[in-house]
Amino acid sequence: MANGKYSGWIDRGELRRLLSLMGPLYIANLLHMGMGVIDTIVAGRAGATELAGVGLGAAVSAPVLVAVGMVLTITTPMISRLRGAGNPGRIGALLHSGLHLAWFLMAVELVALYLGSFIFDYVTDDAGMAHTARWYVYFMMTGVPASVLLRLIQGNFEGNGQVRPGMVTALLGLGLNIPANLAFVFGWGPLPALGGAGCGLATSIIHWGMMLGLLALMFASRRHRQAAQCMVARRKPNRQQVRKILRLGFPLGVASLCEMTFFSALTPVIAPLGKMAVSAHQIVINMSGVVFMLPLSLSIATSIRAAYHVGAQNRPAFTALVRTAALSAAGVMSLFMLGLICFREQIVSVYTTEREIVQIALPLVTLCAVYQLSDATQAFMSGLLRACHDTKALTWVNIVSYWLVGFPIAVILIRTDWLCPQLGPAGAWVSFIVGLTLAAVLLLIRFTGTFRRTFPKGGEAAHRARS
C-alpha cells in the first residue's frame, strides 16, 4: 500500500514481531552451539586422543544429523501458512504425516551413521582415536529417534509463533550437558569412564530429555493438545501429504549438507600447511559460526512471519515484512562487520595467545567480516523461499555456489600459484566470499520470480474479501 498500515520503509509492528521471534531463536541457537563447545572442552581434559576422536566422530555425525533433521524443518512454515490461511485445525493432520515421515528418516539416519562409522580406520592410523570416534557415533545413534522427533515437535511450536519453549529446553539441555559429560567421560559412581565417546551418550540423553519435555508440553497445553493427539493417533497416514513434506523438505536437507561439507572439507586441504594454519582457520570458523547464529535466527523468524502472510495472501504485509527484515539485517550486520574488523585482535586472543596463530588468524577475521552481508542475504532469501514453498532452488544454488565454484577456487588459492601467489588459509576465506556472494545473488534472482508467482494479480483482492 502506498499509504495506510504498511507505508514506510520499516513497519514497527512487524519489527516487534520479528524481534520477539528472533530473540529466543538466537539464544536457543547459541545454546545449541554451546553444547558442542562443552563437548570439546570436556573431551580435551580427557586427553588429546579423546579430543581428536570426538572431533572425528562429530565430523561424520553432525552433517548427517543436521541434513536429515532439516527435512522436517519445512513443517514450521507449513504450519504458519495454515494459520495464515485460517486453517489451524489442519495442523494435527500435518504433524501426523510428519510423524510417519520421521520414522523413515530415522532409519535413513541410522544406516548413514552406521556406515560412516567404518571410515575411521581408513582416515587415521591412531587406533585409540578411531575407537573413540566409532563409539561416539554409536552413542549418537541411540539419540537419533529423539533428535528427529525434536525437529518435528519444535516445528509445531515455532510454526505457531511460540519460540520460547525451544529456548527454555535448550537452556535446560545446556545446563544438564555439563554434568552429563563429566559423568560419562570420567565416570561417576556406578557409571564407567567412557572417555570422549561419553560425550555422544550425554548428547543423546539430552536430546531425549528435550524431546520428551516439548512433547509433554504439547499434551499439557490447551492450544496444542488436539494437534498432539492427532499427531500420535493410530491411523493410516495421508500419503499425499507425506510426499509433499518430503518433496519440500528434501532439498533443504541436501542444501544444508552441501553447505556444511563445503566449509568442513577445506580443513583437510589446509592441513598440509601445518597445525598453526589449521588452528587459525578453525578459530575463525568457530567465530564465524557464532556470528552466523544472528542471520540464521532472522531467517527462521522471517520464514515464520512470511509463511503466515503467504497463507493469508496478504501481499502488502509480506512486502512490509521483507523491507523491515532486510533493512534491519543490513544495519545489524554492518555493525558486526565493523566490530570484527576493529576488534579482531581482541576476538582472536580469546581463543589463543599463541602469537604465530594470532598473526595467521587476523587477516582471516578481516575476510570473514567482508562476507557478512552476503551471508545474511543468502540466509534471508532462503527463509523467504521456504515460506513460499520454493525449496528446490536452494539445492542447486548451493551445489553451484559452493562446490562447482567455491571449492575449486579454494583449492587453487590455498595450494597453488595459478591465479595469484599462494594464499594459504586465506584462500579458503576468499572462496567463502565468492561462494556466499554468488549464492546471495542467485537466491535473490530466484526470489524475485517466486514472489510474482506467490502473489499473482488479484490475490490482494481475494485477501480483502476474506478479511
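This report looks at helix α11 and at two helix pairs in a predicted model.

## Ground rules

Residues are numbered from 1 along each chain as its sequence is written. Because the model is predicted, local features need pLDDT of at least 70 and side-chain atom pairs pLDDT 80 or more, while totals for chains, interfaces and linings use all residues; side-chain values use heavy atoms, leaving out hydrogens and water.

## Helix α11 on its own

Let's start with α11, which covers residues 239-270 (helices are DSSP runs of H or I, at least four residues, numbered from the N terminus). Its 32 residues reach 46 Å from first C-alpha to last, close to the 46 Å expected at 1.5 Å a residue (1.5 Å times one less than the number of residues).

At the start of α11, a side-chain oxygen of Asn238 comes to within 3.1 Å of the backbone nitrogen of Gln240. Further along, α11 bends by about 30 degrees at Gly249 (the angle between axes fitted to the seven residues ending there and the seven starting there), and Pro251 follows within four residues.

## α11 meets α18

The axes of α11 and α18 (residues 425-454) come within 10 Å and cross at roughly 160 degrees (angles run from 0 to 180 degrees between N-to-C directions). The two helices are therefore roughly antiparallel (over 145 degrees). Phe262, Phe263, Leu266 and Ile270 of α11 make the contact (heavy atoms within 4.5 Å) with α18 residues including Pro425, Phe432 and Leu436.

## α6 beside α9

Helix α6 (residues 127-141) packs against α9 (residues 198-220) at about 10 degrees, with axes 7 Å apart. That makes this pair roughly parallel (under 35 degrees). Tyr136, Phe139 and Met140 of α6 contact α9 residues, among them Cys199, Leu201 and Ser204.

Terms used:
A polar contact is a pair of N or O atoms within 3.5 Å; within protein, one must be able to donate a hydrogen and the other to accept it, and residues adjacent in sequence count only if both atoms are side-chain atoms. Angles under 35 degrees count as roughly parallel, over 145 as roughly antiparallel, 65 to 115 as roughly perpendicular and the rest as oblique.
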